[in-house]
Amino acid sequence: MAETPGPDGRSPGRSPAATPLGRFRAEARDAITPRAALVMLGVLVLELAFVVSYIGAFHSPTPERIPVAVVAPEAERRAVIDRLNGIPGEPLSGRPADGVAQARTMVLEREVDAALLVAPDGRADRLLVASAGGPSGVQALERVLQQADPSQPLRITDLRPPNEADGRGLAPFYLAVGLVVGGYLASAAVSATYGARPANPHRMLIRLGALAVLSVLSGLGGAIVVDLVFDALPGHFAALWWIGALTTFAAAAAGMAFQVLLGPMGVALSVLIFVVLGNPSAGGVYPSALLPPFWRDLGPALPNGASVTLLRNYAYFGGHHTATAWWVLSAWAAGGVLASALAARFRRGHRPPEPAAATGV
């Protein structure tokens, strides 16, 4: 006598796993574990954060309080500065300069982004710029001034254009991106091979020492590429080398600290900080004065932005206006070393030692 199928289509007494739907569910559980599902969810969050960060930073570049030196007859200077500062939206921040020589120095030493030389008798004003600091910033300045007074002619004098092989002046930005990515990927590779949390402080220091050697080689390779291979940033080989080494090590040491503290999730935090937030706020594609407030304020505090400032200002502006950037990179490097060492020592003091054969470097 044939058995009557149940409500779910199975014959009485037949196990759920024996049905097609049951087999699919079993395979799905084996193929996508809860941990894998969480990782995929994390990837989705990082992906959306990437989209939000890059579009948020670049979708509508708007100048805000770009510093501009003003050279004008003494009787007119205050009125010119007030007129610039009073433009709706405050795109400019005017400040006085005593003469053309001082204005040129202020531009080339990165105290200001441009200098406006006001001509008497309605002749064309001159705008001194240094487009090596970011051609898009120069274009924004020109638009603002022409819209503020369309009847006043304006001549642009570029005191420091990008090198011919550096087209849009983006070589420092792309070099910094490569160095930072190399740093945190190196720390991730070590963790993937030997585990995110070293067995003891000595092995942590060995890892950091290996990352330091890699960083020196990374800086050397970057300097060779931008100077000797492509001639994009020539004439500053030693400076670019050591800036590159510190940039790589800052990202590597910070990445190592994230992984020691958070385990594999530390890699995701590295991607969030260095890629999702760091690259769009670094002042590469657009100078910081054109970015929205969040990215403009965040950029100088991250290794990406600090590295771009150092590379650009040493390549084009004699190393001026770089003290803050040096401190920022050094703080990320030293902070990463200190956090890693303290975390490894603390954990070692609260866990019995493991056999040497069972631990990795």
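In this predicted model, Arg-296 and Glu-64 are joined by a salt bridge, and their closest N and O atoms lie 3.0 Å apart. The pair ties together distant parts of the chain, with the two positions 232 residues apart in numbering. Arg-296 belongs to helix α10, which covers residues 293–298, while Glu-64 sits in the loop between α2 and β1, the latter covering residues 66–71. The two partners also differ in how much of each is accessible. Arg-296 counts as buried because its relative accessibility is 16%, under the 20% cut-off. Glu-64, at 32% relative accessible area, is partly exposed.

This pair is one of four salt bridges found in a search of the whole structure. Another of them connects Asp-82 with Arg-78, and here the closest N and O atoms are 3.3 Å apart. Both residues belong to helix α3, which runs over residues 74–85. Because they are four residues apart in that helix, about one helical turn separates them. Both ends of this bridge are partly exposed: Asp-82 has a relative accessibility of 45%, and Arg-78 has a relative accessible area of 48%.

A further salt bridge is formed by Arg-110 and Asp-113, with 3.8 Å between the closest N and O atoms. This distance falls within the 4 Å limit, so the pair is counted as a salt bridge. Arg-110 is buried, at 13% relative accessibility, whereas Asp-113 is partly exposed, with a relative accessible area of 25%.

Turning from charged pairs to nonpolar side chains, the surface carries a nonpolar patch of about 480 Å². Its members are Leu-38, Leu-41, Leu-44, Val-45 and Leu-48. One of these, Leu-38, lies in helix α2, which spans residues 34–58. Leu-38 is exposed because its relative accessible area, 62%, is over the 50% cut-off.

How confident is the prediction along the chain? The average pLDDT of the protein chain is 88, and 89% of the residues reach a score of at least 70. Residues 352–361 are another matter, for there the pLDDT is below 50. In the model, this stretch makes 13 contacts beyond near neighbours in sequence. Where pLDDT is low, predicted coordinates should not be read in detail.

Note on methods. Residues are numbered from 1 along each chain as its sequence is written. This is a predicted model: local features need pLDDT of at least 70, side-chain atom pairs count only at pLDDT 80 or more; totals for chains, interfaces and linings use all residues. Side-chain values use heavy atoms; hydrogens and water are left out. Patches are made of residues with over 30% relative accessible area and no salt bridge: like charges are joined within 9 Å, nonpolar side chains (Val, Leu, Ile, Met, Phe, Trp, Tyr) within 5 Å. Accessible areas come from the Shrake-Rupley method with a 1.4 Å probe; for residues, only the protein chains shown count as cover. Buried means under 20% relative accessible area, exposed over 50%, partly exposed in between (1.4 Å probe, protein chains only). pLDDT is the predictor's confidence in each residue, from 0 to 100. Contact means heavy atoms within 4.5 Å.
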